[in-house]
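Please open your viewer and get ready to select things as we go. This is a short walking tour for newcomers.

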Amino acid sequence: MNEIIEGFRTAIELIITLNPEVIEISIRSIIISLSATLIASFIAIPTGSLITFSEFRGKQALVNIIQTLYALPTVLVGLFVFLLISRAGPFGFMRLLFTPEGMVIAQTVLILPILIGLTISSLKGIDTTILDALRSLGATKMQFLRSVVSEARYAIMAAVVLGFGRAISEVGAAIMIGGNIRGHTRVLTTAISLETSMGYIAVSIALGIILLLIALVINLLLAIVQNR
Amino acid sequence: MLEIRNLTKRFGENTVVKGVSLSIPKGEIFTIIGPSGAGKSTILRLINLLEIPTEGSIILDGVNIHKEKSIEVKRRMGMVFQKPAIFNVSVYENVAIGLRFRHVREETIKKKVADALDIVGLTGFDDRKGKTLSGGEMQRIALARVLVTDPDLLLLDEPTANLDPVSVRMIEELILRIHKEFNTTIIMSTHDMFQGQRLAHRIGVMIDGRFAQFGTPREIFTTPNDRFVARFVGVENVIDGRITSKDRGIAFIKADGISIKALSPLPVGTDVTVFFRPEDVAISGSSEHAGSIRNVFPGRVLSVIPMGPYSRIHLNCGVPLLAMITYMATEELGIREGSEVCASFKATAPHVVKR
């Protein structure tokens with residue numbers, strides 16, 4: 001019990017004194033996961049809009065598959081991306097394995113289904129009269145899609161925040177693709193996993209608190225924007 | 001200006017619009033009235049290119065709009081929907097959106113939005129959030145949003161169906177004002193027959209996917225073509241009979257033991273339906289006011305239903321009759337269930353149609 005209390009005390013100390021390694025790991029985590037979230041959003045929002053407002057065969061099946069992939073295990077994404085970017089893989093020449101860029105790719109793949117799927121649900125939730133009104137006002141196809149996305153912006157923002165949360169909190173793909181290299185690819189989750197296994201409880205707790213704080217701040221920002 | 005030819009729309013098994021043809025000249029206010037589900041909205045949506053016709057064509061100033069399908073054609077029209085569709089942005093942006101789609105310069109947008117807000121009486125609302133408005137205000141914004149695009153054809157799909165009476169009056173005044181100021185051709189649907197009467201130059205009564213009758217408001221409300229139209233426009237007394245004799249234009253129509261006197265050019269022996277409004281039926285305690293061209297039927301009161309300043313009175317005079325009189329008259333005559341009274345109406349009141 002003492003060990004845990006001691007751990008919390010040291011953790012607070014590490015955070016308050018802005019321990020350089022803790023800060024570095026935190027910033028790297030945020031950068032990697034934010035990049036993945038941004039890239040995934042740029043792909044997912046237009047894709048989700050197109051799927052929602054196009055009619056084609058197998059549409060429902062596609063949506064079902066996307067929704068199934070919400071629960072995609074992170075280690076499977078790790079494995080999949082590993083196969084693609086390892087030396088022997090088709091993108092091996094790009095030397096992305098054990099780099100932050102590789103981790104961004106893995107996290108992007110991981111959260112794409114959630115972002116596409118939730119974009120589709122957000123857009124489906126828009127009142128049909130709003131859609132009619134946009135068409136009736138003389139919107140081109142592009143203007144229509146842009147306006148509908150804008151109309152669903154709060155729901156889509158929530159989806160993006162959820163995606164970010166999944167990206168920054170996953171550990172399987174980060175360790176397989178990043179390799180937890182100190183000063184290079186070590187992020188909050190992989191560091192917690194390592195420090196705990198090595199018995200450095202205090203550092204783990206500090207990193208855990210930071211991880212939660214990041215989630216808290218992001219959600220507060222979202223709430224502020226949504227209530228504005 | 002607008003010509004609809006043999007327009008049909010099916011949704012799956014369900015045929016909603018059944019071979020409708022219609023021509024609307026520039027500057028006309030044409031009102032489609034009819035019960036819910038008659039196909040009123042579908043016609044407006046077909047005109048606005050929101051639905052694709054199963055058969056038939058819609059010609060706007062010589063252009064077959066569903067063949068052309070151009071955004072320019074669409075941008076000549078504006079539509080206001082039954083349910084207020086307000087975007088989750090400021091009032092200013094709500095009104096400006098159609099102009100933004102048309103890449104209009106910001107200065108012009110500013111001016112047009114200000115003018116439109118002035119017309120609908122919402123000046124100063126620019127920065128309010130659309131979603132914070134009341135239903136009536138939303139519908140006025142929806143009108144303003146369409147106005148700024150200067151439509152040649154304005155489509156209004158039951159624009160007042162969900163509004164309180166004050167807002168309804170306001171929207172109606174706006175529609176008349178817009179028509180007066182811009183001479184916009186307006187096609188409007190409503191299930192409120194009196195609204196049709198207040199606003200329209202011409203009315204089409206739509207029943208079950210077809211126009212049962214076209215006419216001026218006066219024609220529709222006094223001379224319905226058939227019992228469906230009659231029932232819908234409030235001509236609730238509908239009696240079937242046969243012309244048994246005639247005297248100088250007055251036909252004597254025998255129906256279920258009573259004989260009705262009515263103006264009609266139809267010959268003796270014709271099977272007819274007689275229509276007249278409850279408002280045209282007077283009630284008195286005795287038959288002493290009976291004149292030669294007045295129909296007078298003694299009968300018994302079945303029920304008295306108060307309706308605002310009026311009473312609706314169901315009578316049995318051999319045939320069932322419905323009368324609408326003021327509550328003052330009801331009280332003065334002491335009319336209640338079971339009262340023995342006389343119902344009367346002029347021979348000019350009924351509209352006689354061949355069966």
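The stops below go from a whole chain to one helix and then to an interface.

**Stop 1: the whole of chain B.** Before you start, keep in mind that this is a predicted model. Select chain B and turn it around: its C-alpha atoms fill a box of roughly 75 × 45 × 35 Å along the principal axes. Switch to a cartoon view and you can look for eleven helices and 20 strands. Of the 355 residues in chain B, 53% are buried. If you display contacts between residues at least 6 apart in sequence, 66% of those in chain B join residues at least 24 apart.

**Stop 2: helix 7 of chain B.** Now select residues 165-182 of chain B, which form helix 7. How far apart are the end C-alpha atoms of this helix? They are 26 Å apart, and this agrees with the 26 Å that 18 residues should span at 1.5 Å a residue.

Next, colour the buried residues of helix 7 of chain B: B:Ser167, B:Val168, B:Ile171, B:Glu172, B:Leu174, B:Ile175, B:Ile178 and B:His179. Why do they lie on the same side of the helix? They cover an arc of only 155 degrees around the axis, which puts them on the same side of helix 7 of chain B. The spacing fits a general pattern: an α-helix has 3.6 residues a turn, so residues three or four places apart point the same way.

Spin the helix to see the face turned away from that buried side, where the exposed residues B:Pro165, B:Val166, B:Glu173 and B:Lys180 sit. To see what covers the buried residues of helix 7, show its surroundings in chain B, including strand 3 (29-33), helix 5 (106-119), helix 6 (135-147) and strand 8 (185-190). Just after helix 7, pick B:Asn183, which takes a positive phi of about 50 degrees.

**Stop 3: where chain B meets chain A.** Bring chain A into view: 24 residues of chain B are in contact with 18 residues of chain A. Between them the two chains bury about 1700 Å², 56% of it on carbon and sulfur atoms. In chain B, select B:Phe87, B:Asn88 and B:Phe101; these lose the most area to chain A, together 33% of what that side buries.

Finally, zoom in on the polar links. The interface has two salt bridges and ten residue pairs in polar contact. One salt bridge to find joins A:Asp132 and B:Arg45, with their closest N and O atoms 2.6 Å apart. End on helix 4 of chain B, which gives the most to the side touching chain A, with four residues.

How values were computed. Residues numbered from 1 in each chain as written. Chains lettered and ligands numbered in written order. Predicted model: local features only at pLDDT ≥ 70, side-chain atom pairs only at ≥ 80, totals over all residues. Heavy atoms only, no water. Helix = DSSP H or I, 4+ residues; strand = E, 2+ residues; numbered from the N terminus. Expected span 1.5 Å × (residues − 1). Buried < 20%, exposed > 50% of the residue type's maximum accessible area, 1.4 Å probe, protein only. Arc of directions from axis to C-beta. Contact = heavy atoms within 4.5 Å. Buried area = accessible area lost by both parts, 1.4 Å probe. Salt bridge = Lys/Arg side-chain N within 4 Å of Asp/Glu carboxyl O. Polar contact = N/O pair within 3.5 Å; in protein donor to acceptor, adjacent residues only side chain to side chain.
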